[in-house]
Amino acid sequence: MSFNAIVVEPTGDDEVAVSIEPLTDDQLPEGNVTVAVEYSTVNYKDGLCMRPKNGLVRHYPHVPGVDFAGTVETSSDPRYKPGDKVILTGWRVGETHWGGLSQKARVNADWLVPLPEGLCTKRAMAVGTAGLAAILAINALEDHGLKPGQGPVLVTGAAGGVGSIATATLSNLGYEVAAVTGRAEADNYLRSLGASQIVAREDIGSVTKRPLESETWAGCVDAVGGEMLARVLGQMKYGASVSAVGLAGGASLPASVIPFLLRGVNLLGIDSVMQPYENRVRAWQRIANDLPFDALDQMMHPATLADVPKLAADILKGQVRGRVVVDVN
Ligand code: NDP
């Protein structure tokens, strides 16, 4: 019995073809759990993996999809049995191992987490890797002392996946959220997620000569990096922390160390890919408890496998709003 998957194959030195192809079980990679995938997503990294010479995919043909949720079909690992609902994010699945933009995936049981109570597979993928990273970023800020009532928390790249989940969750937890966006038309959307202040990208998106500006932000979830992150560091309140999640605006950090030395600002690195099992379970439980589902449903854009090639290109241009949920069946 064959099933469908997105397959990426080089067609020349600087080109890849991204198409839906039939595959069979014996083509799946090694692993001790086979999952009937229900939903996957299109993350920024998926966009990269469907581009030529991306530095992430090593072998072709390749099945992308850095996350998925579905039902265990077969398992030789005692932790999972057929019928169990599971989520996978990270572990370089969709990069070095075939991923979730497929009706079936075979993976290592260590990479899975059980679907938490209160969450369905569709909403789990509306959250996906981007949302998990947003929650890990909020956990890190709180582990470093952030509490509601300390002042506005800045979210950069707010209309994107990481930013939307961070905005909705922080607001639901009682934080005042300032959302940075480059899209004027995203104003109503961001306010509906709970942002109380909208900051235009151009107001904060370039470095200044001043290493310190007014102490403005009590915390920051940063999906953008680059010059924006450098600028934000100089605007943090004394002792406040920034969770560095993404690089949508660039991987460089043209910053001064002055905010670290004179204001005790903390820069916290957030990695969702190799995150230990216990932290993942904690984060997914928090997602089930603290993420408002009405906001999540609002940021969800349904898609099918046929929509994936265009969405993969769009997300790299910053043209995808919220979270894409791909019904692979
Ligand atoms: P999205 O494309 O959905 O969102 C990124 C947002 O950043 C855009 O919507 C846009 O927001 C803003 N943006 C885009 N380009 C620029 C630019 N040149 N300058 C300033 N802002 C820009 O991506 P995701 O939210 O899925 O991912 C965001 C980042 O986080 C990516 O770099 C991704 O690789 C990373 N990531 C990291 C993870 C980790 O484990 N650390 C896990 C998941 C993602 P707006 O339109 O509102 O301005």
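This report covers the overall form, the two domains, the ligand shell, one helix pair and two backbone details of a predicted model.

**Overall form**

The chain has 10 helices and 15 strands. Its radius of gyration is 20 Å, close to the 20 Å that the globule rule gives for 329 residues, so the chain is as compact as a globular protein of that length. The C-alpha trace spans about 65 × 45 × 35 Å along its principal axes.

**Two domains**

The chain is divided into domain 1 and domain 2. Domain 1 is made of two segments, 2–115 and 297–327. Domain 2 covers 129–269. The C-alpha centres of domain 1 and domain 2 lie 29 Å apart. The two domains touch: 12 residues of domain 1 are in contact with 11 residues of domain 2. On the domain 1 side of that contact, 3 residues are nonpolar, 6 are polar and 3 are charged.

**The ligand shell**

Where does the ligand shell lie relative to the domains? Domain 1 and domain 2 both give residues to the shell, so it lies between them. There are 34 residues around the ligand. Those that come nearest are Gly-157, Ala-159, Gly-160, Gly-246 and Gly-249. Three elements give two or more residues to this shell: helix H1 (44–49), H2 and helix H3 (161–172). By class, the shell has 17 nonpolar, 13 polar and 4 charged residues.

The table sets out the residue classes for three groups.

| Group | Nonpolar | Polar | Charged |
|---|---|---|---|
| Shell around the ligand | 17 residues | 13 residues | 4 residues |
| Side of domain 1 that touches domain 2 | 3 residues | 6 residues | 3 residues |
| Contact of H2 with H8 | 6 residues | 2 residues | 1 residue |

**Helices H2 and H8**

Helix H2 runs over residues 121–143 and helix H8 over residues 277–290. How do they pack? Their axes are 9 Å apart, at an angle of about 100°. Angles of 65 to 115 degrees count as roughly perpendicular. H2 and H8 are therefore roughly perpendicular to each other. H2 brings Val-127, Gly-131, Leu-132, Ile-135, Leu-136 and Asn-139 to the contact. H8 brings Ala-283, Arg-286 and Ile-287. The residues of this contact divide into 6 nonpolar, 2 polar and 1 charged. H2 also gives two or more residues to the ligand shell.

**Backbone details**

Two loop sites complete the account. Tyr-60 and Pro-61 are joined by a cis peptide bond, with omega about 0°. Pro-61 sits in the loop between H1 and strand S4 (67–75). Which sign does phi take at Trp-91, positive or negative? Phi of Trp-91 is near 60°, a positive value in a residue other than glycine. Trp-91 is in the loop between strand S5 (85–89) and strand S6 (104–107).

Note on methods. Residues are numbered from 1 along each chain as its sequence is written. This is a predicted model: local features need pLDDT of at least 70, side-chain atom pairs count only at pLDDT 80 or more; totals for chains, interfaces and linings use all residues. Axes are lines fitted to C-alpha atoms, for helices over the stretch in contact, and angles run from 0 to 180 degrees between N-to-C directions. Helices (H or I, at least four residues) and strands (E, at least two) are DSSP runs, numbered from the N terminus. Angles under 35 degrees count as roughly parallel, over 145 as roughly antiparallel, 65 to 115 as roughly perpendicular and the rest as oblique. Two residues are in contact if their C-beta atoms, placed from the backbone, lie within 7 Å. Ala, Val, Leu, Ile, Met, Phe, Trp, Tyr, Cys and Pro count as nonpolar, Asp, Glu, Lys and Arg as charged, and the others, Gly among them, as polar. A residue is near a molecule or strand if its C-beta atom, placed from the backbone, lies within 6 Å of it. Domain bounds come from an automatic or database domain assignment. The radius of gyration is taken over C-alpha atoms; the globule rule is 2.2 Å times the number of residues to the power 0.38.
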